[in-house]
Amino acid sequence: MILPCLYVAETADMGRGVFTNRKITAGEVVEISPVIVLTAEERKLIDQTLLHDYIFEWGEDRTLCAVALGYVSIYNHSYESNCEYEMDYAQRTMQIKAVRDIEEGEELLINYNGDWDNDTPLWFEAR
């Protein structure tokens, strides 16, 4: 499920991103997407490719990884994100939910650390 108001467009400095063409209210689920779960051995191969930048650590012990379908892998990072993501390991899905009101035309952003308010430095230099 992807809200019909979402669209992908170029950003000023982070490549493509996910935007909305209507106001989204805090708490609203904007996307629920299936994921493809890969083993630790498969991750070693993925880590050698560009796809490494688009996977999520997966599982309670984070030894697996997942490729999210839908728009999930296109959401850009912000330490002041307006959305958060939640992983459902049993259903093999990821859900994106607004943590505050988001205005029409605004980019939807997630915190790559997992928790929307986690300011731990990332493994790459965030813009």
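How many aromatic pairs does a search of the whole structure find? In this predicted model, the search returns three such pairs, and two of them are described here in turn. A pair of aromatic rings is described by the distance of the centres and the angle of the planes.

Tyr7 and Phe19 form a stacked pair, with 5.8 Å from centre to centre and 25° between the planes. This contact links distant parts of the chain, since Tyr7 belongs to strand β1 (residues 6–10) and Phe19 to strand β2 (residues 16–20), the two residues being 12 apart. The partners fall into separate classes of accessibility: Tyr7 is partly exposed, at a relative accessible area of 32%, whereas Phe19, with a relative accessibility of 11%, counts as buried. In the pair made by Trp58 and Tyr89, the ring centres lie 4.8 Å apart and the planes stand at 90°, so the arrangement is edge-to-face. Here too distant parts of the chain are linked, with Trp58 in strand β4 (residues 55–58) and Tyr89, 31 residues away, in the loop between β7 (83–88) and β8 (93–98). Trp58 is buried, its relative accessible area being 3%, while Tyr89 is partly exposed, with a value of 30%.

Charged contacts were examined next. Side chains of opposite charge can pair when their charged atoms come close. Across the whole structure, the search finds eight salt bridges. In one of these, the side chains of Arg22 and Glu28 meet at 2.7 Å, N to O; Arg22 is partly exposed, with a relative accessible area of 32%, whereas Glu28 is buried, because its relative accessible area of 18% is under the 20% limit for that class. A salt bridge also joins Arg100 to Glu106, the closest N and O atoms being 2.6 Å apart, and Arg100 counts as partly exposed at 34% relative accessibility.

The side chains of Arg43 and Glu57 likewise meet in a salt bridge, at 3.8 Å from N to O. Arg43 lies in helix α1 (residues 40–46) and Glu57 in strand β4, so this pair ties together parts of the chain that are 14 residues apart in sequence. Arg43 counts as buried, at 18% relative accessibility, and Glu57 is partly exposed, with a relative accessible area of 34%. Both residues also belong to a network in which salt bridges that share partners join Arg43, Asp47, Glu57 and Arg62. Of these residues, Arg62 is placed in the loop between β4 and β5 (64–68), and its phi is near 60°, a positive value in a residue other than glycine.

A positive phi is also found at Arg92, where the angle is about 55° although the residue is not a glycine. Arg92 is located in the loop between β7 and β8, the loop that also holds Tyr89 of the edge-to-face pair. At 48% relative accessibility, Arg92 counts as partly exposed.

On the surface, Leu50, Leu51 and Tyr54 make a nonpolar patch of about 290 Å². Among these residues, Leu51 has its place in the loop between α1 and β4 and is partly exposed, with a relative accessible area of 33%. The two elements that flank this loop are those that hold Arg43 and Glu57, respectively, and strand β4 also carries Trp58.

Key: Residues numbered from 1 in each chain as written. Predicted model: local features only at pLDDT ≥ 70, side-chain atom pairs only at ≥ 80, totals over all residues. Heavy atoms only, no water. Phe/Tyr/Trp six-rings, centres within 6.5 Å; stacked < 30°, edge-to-face > 60°. Helix = DSSP H or I, 4+ residues; strand = E, 2+ residues; numbered from the N terminus. Buried < 20%, exposed > 50% of the residue type's maximum accessible area, 1.4 Å probe, protein only. Salt bridge = Lys/Arg side-chain N within 4 Å of Asp/Glu carboxyl O. Patch = residues over 30% accessible without salt bridge, like charges linked within 9 Å, V, L, I, M, F, W, Y side chains within 5 Å. Areas by Shrake-Rupley, 256 points an atom, 1.4 Å probe, with all protein chains shown as cover.
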